[in-house]
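Biologist: Could you take a close look at one part of this chain with me? I'm new to this, so plain words please.

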Amino acid sequence: MRAVIYNRYGGPEVLELTERPLPEPSSTEIRVRVHGSSINAADYRILTATPFLARLHNGLLTPKRKVLGFDIAGEVDAVGEAVSEYAVGDRVFGNTYDDHWGGWAEYTCVSPRRVAPMPASIDFEQAGALALAGVTALQGVRDFAGVRDGQRVLIQGAGGGVGTFAVQLAKAYGARVTATCGAASLALVRSLGADEVIDYREQDVTRRGEVWDRIIAINGNLPLSAYARSLAPGGVYVMCGGGNRQLFEALLFGGLRSRGGLRFTTLDIDEAKKGADLRELARMIDAGQLRVVIDRSYPLAELPAAMRYVLDGHVQGKVAIRLD
């Protein structure tokens, strides 16, 4: 089978298209013929080992797992003897983060708990860009932030993969959404339902004197003190990614900031909820409550070019990878 691998940490130049043996599912796994995948922040952070702690996921010196790609959409190709949930030919989508990874290959093996039936109203390309960003946004908005009807919600970084889903989910839960993004994404984020959209380069929303009940910072670039002054009494701040400064500040001082009724938390996906959450995303997609935003689509052989585009910044939604 064809796969894009990497044998050392680095940029797009270390990605290599090659042939690999067909993986065999264990008794509790299914094998999926992958038709669609995408690039997530987790992919490029582990590829580039940025921050350095990313190496803890896959080897300090050289990568242990050679095939990245945490999103998959495709058809079940083989079923382990202990699997009863799926049959050969079923269309599924899901996330391989806690399995073998491998979305950037024509076939991968995964636990049935990491996938769900594919939404009927979208194709493999769209479904392959849904799982990781969608589940991250869903758990961030619903569980970590606890967004409810009538709340004022600030979503920073609204133009990317997680952000485009977060805006739609917060609106679905009845919130009034203020969103920040780059100038190129302003129209897109408005079209997703945000009540107010702000170019983060033109205005620091935390200095407007306004407060929000919930702040979801996706790859946020501001110190915790800025978010603290922008939270209403009883407010909740959720950090979803960020640079070294934001990550360490949240880990070291997030607990100290959580006082006086305010709560500062870092989003960490609850894997036990993943199967149910994938089904919820599929339901919302088919009900017209959620859509997948794809900026560009690349064939598997052009994955290095796709990664360069992502690393250049300011992707609107997701960059999809086609494996047909």
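Into which domains is the chain divided? And please tell me about the cysteines while you're there.

Modeller: Sure! Keep in mind that this is a predicted model. The chain splits into domain 1, covering 2-132 + 271-322, and domain 2, covering 145-266. If you take the C-alpha centre of domain 1 and that of domain 2, they sit 27 Å apart. The two do touch, though: 16 residues of domain 1 make contact with 21 residues of domain 2.

Now for the cysteines. A disulfide is a covalent bond between the sulfur atoms of two cysteines. To count as one here, the two sulfurs have to be within 2.5 Å. By that rule, the count is 0 disulfides. Take C181: the nearest cysteine sulfur belongs to C240 and is 16 Å away, so C181 is in no disulfide under the 2.5 Å cut-off. Flip it around and you get the matching picture, with C181 holding the nearest cysteine sulfur to C240, 16 Å off, and C240 in no disulfide either. As for where they sit, C181 counts as buried because its relative accessibility is 3%. C240 has 12% relative accessibility, so C240 counts as buried too.

For a contrast, hop over to L61, in the loop between α1 (41-48) and β4 (71-79). L61 counts as exposed because its relative accessibility is 75%. L61 also belongs to a nonpolar surface patch with F52, L53, L56 and L60, and together they have about 600 Å² of accessible area.

Key
Residues are numbered from 1 along each chain as its sequence is written. This is a predicted model: local features need pLDDT of at least 70, side-chain atom pairs count only at pLDDT 80 or more; totals for chains, interfaces and linings use all residues. Side-chain values use heavy atoms; hydrogens and water are left out. Buried means under 20% relative accessible area, exposed over 50%, partly exposed in between (1.4 Å probe, protein chains only). Patches are made of residues with over 30% relative accessible area and no salt bridge: like charges are joined within 9 Å, nonpolar side chains (Val, Leu, Ile, Met, Phe, Trp, Tyr) within 5 Å. Accessible areas come from the Shrake-Rupley method with a 1.4 Å probe; for residues, only the protein chains shown count as cover. A salt bridge is a side-chain nitrogen of Lys or Arg within 4 Å of a carboxyl oxygen of Asp or Glu. Helices (H or I, at least four residues) and strands (E, at least two) are DSSP runs, numbered from the N terminus. Domain bounds come from an automatic or database domain assignment. Contact means heavy atoms within 4.5 Å.
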